[in-house]
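User: Hello! I am new to this structure and would like a friendly tour. Could you show it to me?

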Amino acid sequence: MTKTRRTDILLLMTALMLVAIGLAMVYSTSAVVAHERHGDSLYFLKRQLVWAALGLLAMGVAWYVPYRNQQRLVLPLLWVSLVALCLVLVPGMGKEVGGARRWLALGPFSLQPSEFAKYGLIVYSAYVCADLHRKRQRDELRFGYVLGLLCVFCGLIFLQPDLGTAVVLAAVAGAHLMIAGLPWRYIGYALAAGIPSMIYAIVYEPYRMKRLMSFLQPENDPQGAGYQAIQSLLALGRGGLWGAGLGRGRQKLFYLPEAHTDFIFAAIGEELGFLGAAGLVCLFLLLLWRILVIAIECREPFGTLLGLGVFLLLGMQIVMNLGVVLGLLPTKGLPLPLISLGGSNLVVSLLAIGTMLSIAGAQPGRESWRHAPPGKPAWGQI
């Protein structure tokens with residue numbers, strides 16, 4: 001008798017709701033800008049619809065194909081990501097926007113390799129750590145391979161320059177390895193090398209130091225480095241409890257930069273109010289909760305570690321984006337997953353959710369591999 005695969009309806013419906021909200025808000029926040037720049041108020045919405053279709057296709061494929069098959073594709077994915085990150089830095093191949101070279105031009109569309117590199121590194125980390133668990137051994141050399149690859153990827157992303165994505169990648173991969181059992185002294189080595197490097201990167205570039213200072217006191221430079229933070233808070237404050245109404249926001253009218261990308265949550269707060277913004281945060285919490293439950297309930301180390309990696313990847317991006325918009329973190333260009341305009345991030349986020357649906361579908365019961373029967377070691381005992 002064929003086993004019936006489970007479907008986590010709650011995760012699926014939450015993801016689809018977030019995508020739908022994202023499409024609506026992308027149109028609401030970008031229509032005026034799109035008409036001004038491109039003569040078509042639907043310009044950005046059309047592009048986001050194409051990426052949403054590709055993302056849903058990627059989610060469907062990842063959902064249908066057993067997640068274990070990703071172990072076979074991890075090395076090709078890493079090599080493709082590595083080559084793409086190198087090509088971005090080649091003049092004439094990488095697309096430069098605002099002084100940063102982070103995209104590969106593919107006809108009318110652009111691809112951001114760093115988004116795919118983040119997911120590829122998580123799959124590789126989960127694969128290595130799960131393989132060590134299966135062999136019941138702790139191979140510190142293989143942990144070193146993952147750390148070395150992480151350093152290479154972060155270095156290439158930093159050269160774009162994109163310090164925010166490099167920090168997210170390092171934090172997600174580091175937390176992933178800690179959960180998997182990386183010895184604490186390696187964590188100390190990484191911090192000892194990483195923290196001074198990050199401080200140097202901030203001090204070396206004047207604009208980064210300016211952003212940091214404006215984060216602490218944005219009112220000191222309201223027309224310069226503190227402009228985005230102040231306009232973001234003005235948008236949130238203007239929304240009040242109920243909001244100005246969908247499509248009636250004012251800050252998106254060339255006051256709030258990147259209202260349809262990095263600061264889209266501020267526009268949501270203005271148009272839908274505190275209740276709308278709080279509702280969106282609740283949807284994100286529901287999404288992350290289902291991902292975490294699926295990861296913990298998985299019976300296999302690879303599925304659990306992959307699920308925890310997805311949880312960290314999406315969770316950290318959400319927290320950092322909301323922190324920037326609310327003025328709790330320095331301004332940095334990080335999209336809000338499933339909501340902001342941005343094709344690569346949307347496709348990777350939906351691909352990751354499809355993977356979680358595949359992991360959920362492969363589990364016939366609720367027993368977790370962490371609750372191992374007598375004689376079988378749990379993680380942390382290898």
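User: How many helices and strands does the protein chain have?
Analyst: This is a predicted model, where local features need pLDDT of at least 70, side-chain atom pairs count only at pLDDT 80 or more, and totals for chains, interfaces and linings use all residues. Residues are numbered from 1 along each chain as its sequence is written, and side-chain values use heavy atoms, leaving out hydrogens and water. Helices (H or I, at least four residues) and strands (E, at least two) are DSSP runs, numbered from the N terminus. The count for the protein chain is 12 helices and 3 strands.

User: What is the mean pLDDT of the protein chain?
Analyst: pLDDT is the predictor's confidence in each residue, from 0 to 100. In the protein chain, 85% of residues reach 70 or more, and the mean is 82.

User: Which stretch has pLDDT below 50?
Analyst: Where pLDDT is low, the predicted coordinates should not be read in detail. The stretch in question has 40 contacts (heavy atoms within 4.5 Å) beyond near neighbours in sequence in the model. It covers residues 365–382.

User: What percentage of the residues count as buried?
Analyst: Buried means under 20% relative accessible area, with a 1.4 Å probe and protein chains only. Of the 382 residues of the protein chain, the buried share is 50%.
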